[in-house]
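Here are some notes for a first look at this structure. Please keep the sequence and the 3D view open while reading the points below.

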Amino acid sequence: MGQHAQTGARGGGCLTWIIGFFIFVFAITLVVQSFVYIVLAVVLWFVIRFGWRKLCANKPDSAFVKRCQTFSSTTRKVLGALLSVLIIFAIACPSMAASGDRQKQEKLDEEQMELDEATLSPASSLVIPSNGDQEPYYLEYGADSIDPTTLVRASSSNVTVSTNDGIDPSTVGEQRVEYILTYDSHEKTEPIDFVVRDTQEPKASIDKPVIELTAGDEFSPSTNYSVSDPVDGTLETVAQQPEPTGQFDGKNLYQSGWCLLNITSPEGERTDAIDTSEPGTYTVEITGSDKNGNTIPSGTSFQVVVSAPAAQSAAEDA
């Protein structure tokens, strides 16, 4: 019976040792997650157990040994495992911290490199590159506001693009936008030059290409035409061409759009008005410009034919 009890004790101790071992391995894995440190911890655990046995054999009456022996065998194994974990953790901590710092710095360096290599390119059909993808970018003159961030895209999907600047499409000329490229905590600025230009010319709408009058009829040329610009709207008819306020893109700029009537008499001379009392054919040519120097197409004209009264024509024929 004593032999059976001894065998059972050994079996229980073996089971306890196995359970403690797996608890120990699980704990060290959670702490350091490194195969090298796990091996070192296992070795250290056996060293601690070996040292404990030696201490019990050499100094069985010491207060420390007696105190520890008040704990169960399982408790002592767990305490030994925890001591191993703490020692290995103390050893591994600086290395783990250094490794973490190194990985963090490598990530920061990679992000900075990707940001440094990021470029901007047109992202909207509103932008017309002047030379391939090179600056400056051209924008069409208009009244609608434009969000500058919709005009470009970054070459990297990890980089976001923002800006504090705006674009005024109602003013022709060069406008610089400072774009801010951001990747996490990294940031750089990239200037883009946009040129707002007006390429749309005003159009003259003529009701009748030929107006037939009888001498003495009243007629105002302004009733037969209108001139409108796609952006500036209706152009005002002026008595004489206004003075330019400047130049841009090789064209004269004006305070506002305008149009002017050039009237040619039946004798081929310039005249200020149509004399409906004199029979003949007058040519009315419409010239003008929008505020940004786009002119009305040449040859925009209509004719006014003034005929003699019927009685006068019959007398002349007789």
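1. A pairing in the strand region is a convenient place to start. Thr264 stands opposite Arg270 in strand 16. Strand 16 covers residues 270–271 and pairs with strand 15 in the antiparallel sense, over two bridges. The two strands form a hairpin with five residues between them, and in this hairpin Gly268 takes a positive phi near 85°. Please bear in mind throughout that this is a predicted model.

2. Thr264 has another partner: Thr283 in strand 17 stands opposite Thr264 as well. Strand 17 spans residues 280–289, and its antiparallel pairing with strand 15 extends over seven bridges. A further bridge pair to look up here is Ile263 with Val284 of strand 17.

3. Strand 15 also pairs with strand 12 (residues 236–237), this time in the parallel sense and over two bridges. Here Glu236 is found opposite Trp258 of strand 15.

4. Is strand 15 enclosed or open to the outside? Of its seven residues, 258–264, five are buried, so the strand is largely enclosed by the rest of the structure. When looking along any of these strands, recall that side chains in a regular strand alternate between the two faces of the sheet.

5. The pairing continues from strand 17 to strand 18. Strand 18 (residues 301–307) runs antiparallel to strand 17, and six bridges join the two. Gly280 has Val306 of strand 18 opposite.

6. On charged contacts: how many salt bridges does the structure hold? There are four salt bridges. As background, side chains of opposite charge can pair when their charged atoms come close.

7. One of the salt bridges joins the side chains of Lys107 and Glu111, with an N to O distance of 2.3 Å. Both residues belong to helix 4 (residues 73–117); they are four residues apart, and therefore separated by about one helical turn. Their surroundings can be described separately. Lys107 is partly exposed, at a relative accessible area of 46%. Glu111 counts as buried, because its relative accessibility is 3% and the limit for buried is under 20%. The pair is also part of a network of salt bridges that links Lys107, Glu111 and Asp184.

8. A salt bridge is also formed by Asp193 and Arg176, whose closest N and O atoms are 2.7 Å apart. Asp193 lies in strand 7 (residues 186–197) and Arg176 in strand 6 (residues 173–183), so this pair ties together parts that are 17 residues apart in sequence. Asp193 counts as buried, with 13% relative accessibility.

9. Glu201 and Lys203 form a salt bridge too, and 2.9 Å separates their closest N and O atoms. Glu201 is partly exposed, its relative accessible area being 31%. Lys203 likewise counts as partly exposed, at 49% relative accessibility.

10. Turning to the pockets, the largest has a volume of about 400 Å³. It is lined by 13 residues, and the closest to its centre are Ile48, Trp52, Arg76, Lys77 and Gly80. Which helices each supply at least two residues of this lining? They are helix 2 (35–58), helix 3 (63–69) and helix 4. Helix 4 gives the largest share, six residues. By class, the lining of the largest pocket divides into seven nonpolar, two polar and four charged residues.

11. The second largest pocket holds about 230 Å³ of space. Among the 14 residues lining it, Leu261, Ile263, Thr271, Asp272 and Ala273 are the closest to its centre. Strand 15 and strand 16 each supply at least two residues of this lining, and strand 15 contributes the largest share, four residues. The lining has nine nonpolar, three polar and two charged residues.

12. Two residues are worth revisiting with the sequence at hand. Ile263, one of the residues closest to the centre of the second largest pocket, is also the bridge partner of Val284 in strand 17. Glu111, buried at 3% relative accessibility, takes part in the salt-bridge network with Lys107 and Asp184.

Notes. Residues numbered from 1 in each chain as written. Predicted model: local features only at pLDDT ≥ 70, side-chain atom pairs only at ≥ 80, totals over all residues. Heavy atoms only, no water. Buried < 20%, exposed > 50% of the residue type's maximum accessible area, 1.4 Å probe, protein only. Pairing = 2+ DSSP bridges. 1 Å grid on protein atoms, 1.4 Å probe; cavity = no way out; pocket = protein on both sides within 12 Å on 5 of 7 lines; lining within 4 Å. Points joined across faces, edges and corners; volume = space filled by probe spheres on them. Nonpolar A, V, L, I, M, F, W, Y, C, P; charged D, E, K, R; others polar.
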